[in-house]
Amino acid sequence: MTSELDPRLLSVLVCPLTKGPLTYDSAAQELISAKARCAYPIKDGIPIMLPDEARPLDDTP
């Protein structure tokens, strides 16, 4: 089951590593930090904003 992230929550969340903006990938249920090149998982509707839990992004498009 995929659920939508509250836009108000997304507007206040930033990458814990870069303090930069995040984009929401609803299909993968992740928050993407382009600057840090990582994706933070969303589990049961809760963003897991821990660098140790982040998935590195591939360099391939």
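## Starting at Ser33

Let's begin with a single residue: Ser33 belongs to strand β2, which covers residues 30–33. Keep in mind that the structure you are looking at is a predicted model.

Is Ser33 buried or exposed? Its relative accessibility is 1%, and buried means under 20%, so Ser33 counts as buried.

## The surroundings of Ser33

Which residues does Ser33 touch, once those up to four places away in sequence are set aside? The list consists of Cys15, Thr18, Pro21, Leu22, Cys38, Tyr40 and Leu57.

Ser33 also has a polar partner: a polar atom of its side chain lies 3.2 Å from the backbone nitrogen of Ala36.

## The fold as a whole

Stepping back, the protein has one helix and five strands. Follow the sequence and you meet them in the pattern α-β-β-β-β-β. The radius of gyration is 11 Å, close to the 10 Å that the globule rule gives for 61 residues, so the protein is as compact as a globular protein of that length.

For a feel of the dimensions, the C-alpha trace spans about 30 × 25 × 20 Å along its principal axes. Among contacts with a separation of 6 or more, 22% are between residues 24 or more positions apart.

## Inside and outside

How much of the protein is buried? Of its 61 residues, 31% count as buried, and Ser33 is one that counts as buried.

On the outside, the accessible surface comes to about 4,300 Å², with 57% of that belonging to carbon and sulfur atoms. The protein carries 6 positive and 9 negative charges, and the mean positions of these two groups are 7 Å apart.

Terms used. Residues are numbered from 1 along each chain as its sequence is written. This is a predicted model: local features need pLDDT of at least 70, side-chain atom pairs count only at pLDDT 80 or more; totals for chains, interfaces and linings use all residues. Side-chain values use heavy atoms; hydrogens and water are left out. Helices (H or I, at least four residues) and strands (E, at least two) are DSSP runs, numbered from the N terminus. The radius of gyration is taken over C-alpha atoms; the globule rule is 2.2 Å times the number of residues to the power 0.38. Buried means under 20% relative accessible area, exposed over 50%, partly exposed in between (1.4 Å probe, protein chains only). Contact means heavy atoms within 4.5 Å. Accessible areas come from the Shrake-Rupley method with a 1.4 Å probe; for residues, only the protein chains shown count as cover. Lys and Arg count as positive and Asp and Glu as negative; His and the chain ends are not counted. The place of a charge is taken as NZ of Lys, CZ of Arg, CG of Asp or CD of Glu. A polar contact is a pair of N or O atoms within 3.5 Å; within protein, one must be able to donate a hydrogen and the other to accept it, and residues adjacent in sequence count only if both atoms are side-chain atoms.
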